[in-house]
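Work through these exercises with the structure open. Try each task before you read its solution.

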Amino acid sequence: MAIDKKIHEAVYEAADNHNQPPKVAERMMLWLSHLSEGSASLSNPDDIKASLETILDAIKADGGQGEEEELE
């Protein structure tokens, strides 16, 4: 089943709004695609773990930039 264009746009917009590289959205869309095709399942912990590891690996942490840090 093809994923609606609005979902695709929303995932890329969400990644961009959170200052994440496009590869985060790409990996999320790949996971959604696998779920919609049936080649991955939310009931299979191995599918979830593999997909989340791939997505988390692409996430860029800002290291607290833009936030006030308490030094006390």
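**Exercise 1. Find the partner of Lys49 and place the pair.**

Step 1. Lys49 forms a salt bridge with Glu53, and their closest N and O atoms are 4.0 Å apart. A salt bridge here is a side-chain nitrogen of Lys or Arg within 4 Å of a carboxyl oxygen of Asp or Glu.

Step 2. Lys49 and Glu53 are four residues apart in helix H3, so about one helical turn separates them. Helices (H or I, at least four residues) and strands (E, at least two) are DSSP runs, numbered from the N terminus.

Step 3. Lys49 is exposed, at 52% relative accessible area. Glu53 is partly exposed, at 47%. The classes are buried (under 20% relative accessible area), exposed (over 50%) and partly exposed (in between), with a 1.4 Å probe and protein chains only.

Before going on, note the basis of the values. This is a predicted model: local features need pLDDT of at least 70, side-chain atom pairs count only at pLDDT 80 or more, and totals for chains, interfaces and linings use all residues. Residues are numbered from 1 along each chain as its sequence is written, and side-chain values use heavy atoms, with hydrogens and water left out.

**Exercise 2. List the other salt bridges and say which parts they join.**

Step 1. The whole structure holds three salt bridges.

Step 2. Lys5 pairs with Glu9, with the closest N and O atoms 3.9 Å apart. The two are four residues apart in helix H1, so they too sit about one helical turn apart. Lys5 is exposed at 60%; Glu9 is partly exposed at 41%.

Step 3. Arg27 forms a salt bridge with Asp57, the closest N and O atoms being 3.7 Å apart. This pair links distant parts of the chain: Arg27 is in helix H2, Asp57 is in helix H3, and 30 residues separate them. Arg27 is partly exposed at 25%, whereas Asp57 is exposed at 59%.

**Exercise 3. Describe the two sides of H3.**

Step 1. Check the length. H3 covers residues 45–58, 14 residues in total, and should span 20 Å at 1.5 Å a residue; its end C-alpha atoms are 20 Å apart, which agrees. The expected span is 1.5 Å times one less than the number of residues.

Step 2. Find the buried side. Ser51, Ile55 and Ala58 are buried. Down the axis of H3, the buried residues fall within an arc of 55°, so they line one face of the helix. The arc is taken from the directions from the helix axis to the C-beta atoms.

Step 3. Find what covers that side. The buried residues of H3 pack against helix H2 (22–37).

Step 4. Turn the helix over. The face away from the buried side carries the exposed residues Pro45, Asp46, Lys49, Leu56 and Asp57.

**Exercise 4. Trace the surroundings of Asp47.**

Step 1. Asp47 lies in helix H3.

Step 2. Set aside its neighbours within four places in sequence. Asp47 is then in contact (heavy atoms within 4.5 Å) with Trp31, Ser39, Ala40 and Ser41.

Step 3. Take Trp31. Asp47 and Trp31 are 16 residues apart in sequence, and their C-alpha atoms are 9.2 Å apart.

Step 4. Take Ser41. Its backbone nitrogen lies 2.8 Å from a polar atom of the Asp47 side chain.

**Exercise 5. Summarise the whole chain.**

Step 1. The chain has three helices and zero strands, in the order α-α-α.

Step 2. Of its 72 residues, 15% count as buried.

Conventions:
A polar contact is a pair of N or O atoms within 3.5 Å; within protein, one must be able to donate a hydrogen and the other to accept it, and residues adjacent in sequence count only if both atoms are side-chain atoms.
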